[in-house]
Amino acid sequence: MNDYDLLVVGSANADLVIGVDRRPGPGETVLGSDLAVHPGGKGGNQAVAAARLGARTALLARVGDDAHGRLLLDAQRAAGVDTVGVLVGGAPTGVALITVDPSGDNSIVVSPGANGRLTPDDIRAAGSLFHASRVVSAQLEIPLETVVEVVRNLSPDSRFVLNPSPPRPLPTEVLAACDPLIVNEHEAKVLLGEAKVSEEPEDWARLLLAKGPRSVVVTLGAAGALVASSDGVARVPSVQVEAVDTTGAGDAFTAALAWRLGAGEPLAEAAAYAARVGAAAVTRAGAQESYPTAAEVAAL
């Protein structure tokens, strides 16, 4: 029996959030709301989202020995995440500067900080966590060579889920391990580059699948998602909600999908559940604070 349903390897940031009437253009200054500081980072977000749903979750990450690092560790533990894999020191804790407009859309600038010091050596030293985990999830807010090392340390019976955000070209070795590769529209366009010859998400999914992943999921916001594998391509609907803040919704989707896949659900069913989790998350402000419990998802 695995000790963990999900091991998340990735970033942990302090989110510094300001609400704005509109985002500034080049050279422009706009006034915003009071500053709010929240625990975040794509890795930290996914770990909290999964734990809140009931998954046995561990986080492998690095934070600074500072107030932001303590905030992040406290938030993980409060959600029920095992932080045995969280390393402390080496650089200041990563920070994300986030502006949110009245429609709930956001713009984000990330200072990686300690996330950039999570190394391949750190991955190799955490071998016991990989062997104890049913599913391993990663993102690209940590060094790419570290993600490559994650793939090389996977247990033979574990499943690897990757959200390539922020997007960049991926080695064949990483693509071949993805089951699934999870992308939004922007990430799909970056990964496909000149190969994106269509405006249809189904075509993006097929083209991405041809690059080597075992499966692909394209998230479509309020329109839900679509899944692609050797069985074909299928749309997955979401539920309609009034969006308050989309920050971290994609991380909630990825965490829920990874957990349900690890529990044995087919890809389309797991994606449908994940779409409901993502929809619930956008109805509240913040990232980790917005993540629902399994009961809240069922009631949506």
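Me: Taking buried to mean under 20% relative accessible area, exposed over 50% and partly exposed in between (1.4 Å probe, protein chains only), which residues in α1 are buried?

Reply: This is a predicted model, in which local features need pLDDT of at least 70, side-chain atom pairs count only at pLDDT 80 or more, and totals for chains, interfaces and linings use all residues. Residues are numbered from 1 along each chain as its sequence is written, and side-chain values use heavy atoms, with hydrogens and water left out. Helix α1 spans residues 42–53, helices (H or I, at least four residues) and strands (E, at least two) being DSSP runs numbered from the N terminus. The helix is mostly covered, with 11 of its 12 residues buried, namely K42, G43, G44, N45, Q46, A47, V48, A49, A50, A51 and L53.

Me: Which strands stand at the edges of the open sheet?

Reply: The sheet has 9 strands with mixed pairing (two strands pair if DSSP finds at least two bridges between them), in the order β5-β4-β1-β8-β9-β10-β11-β12-β13. Two of these strands each have a single partner, so one side of each is left without a neighbour in the sheet: β5 (82–88) and β13 (232–236).

Me: At what angle does α1 run to β4?

Reply: Contact here means heavy atoms within 4.5 Å, and angles run from 0 to 180 degrees between N-to-C directions, with axes fitted to C-alpha atoms, for helices over the stretch in contact. Helix α1 lies across β1 (4–9), β4 (57–63), β8 (133–139) and β9, and its angle to β4 is about 160 degrees.

Me: In β10, what is the bridge partner of L162?

Reply: Strands β9 (residues 159–163) and β10 (residues 178–183) run parallel and are joined by 2 bridges. The partner of L162 in β10 is L181.

Definitions and conventions:
Expected span 1.5 Å × (residues − 1).
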